[in-house]
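Please examine the structure shown here with attention to the enclosed spaces in its interior. The paragraphs that follow describe which residues surround them.

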Amino acid sequence: MVTAKLRMLHYVLDHVYGAFMHRTKMSPQFFSRGWGGKQLELLERMINQLFPEAAGKNWPPTLVRPIWKTVWESKNACLREGVFRTPCDEQLLSALPPESHNARVAFLVPKSVPPQKMACVVHLAGTGDHSFERRLRLGGPLLKKNIATMVLESPFYGQRRPMMQHGAKLLCVSDLLLLGKATIEESRSLLHWLDTEEGFGKMGVCGLSMGGVHAAMVGSLHPTPVATLPFLSPHSAVVAFCEGILQHATAWEALRKDLAVQKAAMTLEEVRERMRNVLSLTDVTRFPIPKNPNAVIFVSATDDGYIPKHSVLELQKAWPGSEVRWVTGGHVSSFLLHNGEFRRAIVDGLDRLDWKESPL
């Protein structure tokens, strides 16, 4: 009885937090400026190129060369921040806001250990994660296990946020697809850099919520086995914006009016169906099965008001051999309370990989 009440409390907490963040007039809604017009059509074409028949054609990616500065250094570890030009091609670059053209990363590395005897995990941003701090706190305790942390600042977030955008509330639906496509390209280039330039013995990619969706995509597309660790993540953005709490943060009326300008008048239900069709491009079950699905570990919450259980199980079913671990809580409480479980999944996922053979 107590357990059931506690679980209900976690679920209610998600809805209270969602109501406070998304149903008040403290901030604008997602997609208040509509669909994105021609940019949306461009991105729909580009994202379709990621799928299995074309995935192998985009490797190796553009090699990035970050310019580094040291933030701090101790006897055991070093934190650097780097800047590099996004490796996106000219077509994608022209669609990105100028503020997002330069990518930023934080790189936390153990000292006195050769890279071939270390692992490194790229941490991707969840919705509203505008800084490096939370992900560095997640990765910091892993230094003692010789696991380095690479944190990528997402396009449209932090110092890469467009001037007209308020917080995490993307202005157009096309921005969501653009954020995802650019994050995938940048993450793939960073993994390539960690492998070929730094020589890490193992690699992984993780993320929470939206970052977990992107991590799953990156892990899926990588040509060699990497640990793939989506935390509190759906199989598709359709779930977040059309089923979960974020549906209440979406500017459905603005989207309806934008479609009415382009086409005939539509009902709100028809607008929602259009959104489902567009966001189906983010369905990770359409992506290739990762090279080592045993190194895929999902950590999901039992009472998540943002991500229903069926969404997590769909992805596990699509990737036989992957593992789902459940933590007791909602989206918000698990985000705050279960970092230990996220770290354990990172360690276990990397343990399921073979060490890369050192070149002679």
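In this predicted model, the lining of the largest cavity is formed by Gly212, Val213, Ala216, Pro230, Ser233, Pro234, His235, Val284, Phe298, Val312 and Leu315. Two elements each give two or more residues to this lining, namely helix H7 (210–221) and helix H11 (309–318). Of the elements, H7 gives the most, with 3 residues.

What is the chemical character of the residues in the lining of the largest cavity: nonpolar, polar or charged? The lining divides into 8 nonpolar residues and 3 polar ones, with no charged residue. The space that these residues enclose amounts to about 50 Å³. This cavity belongs to a set of 3 cavities of 30 Å³ or more that a search of the whole structure finds.

The second largest cavity may now be considered. About 40 Å³ of space lies within it. Its lining consists of Leu232, Ser233, Ser300, Ala301, Asp304, Ile307, Pro308, Lys309, Val312 and Trp326. Strand S8 (297–301) and helix H11 each supply at least two of the residues in this lining. Here the division is into 6 nonpolar, 2 polar and 2 charged residues.

The two linings may finally be read side by side. Ser233 and Val312 appear in the lining of the largest cavity, and Ser233 and Val312 also appear in that of the second largest. Helix H11 likewise contributes two or more residues to the largest cavity and at least two to the second largest. Charged residues are absent from the lining of the largest cavity, whereas the lining of the second largest includes 2 of them.

How values were computed: Residues numbered from 1 in each chain as written. Predicted model: local features only at pLDDT ≥ 70, side-chain atom pairs only at ≥ 80, totals over all residues. Heavy atoms only, no water. 1 Å grid on protein atoms, 1.4 Å probe; cavity = no way out; pocket = protein on both sides within 12 Å on 5 of 7 lines; lining within 4 Å. Points joined across faces, edges and corners; volume = space filled by probe spheres on them. Helix = DSSP H or I, 4+ residues; strand = E, 2+ residues; numbered from the N terminus. Nonpolar A, V, L, I, M, F, W, Y, C, P; charged D, E, K, R; others polar.
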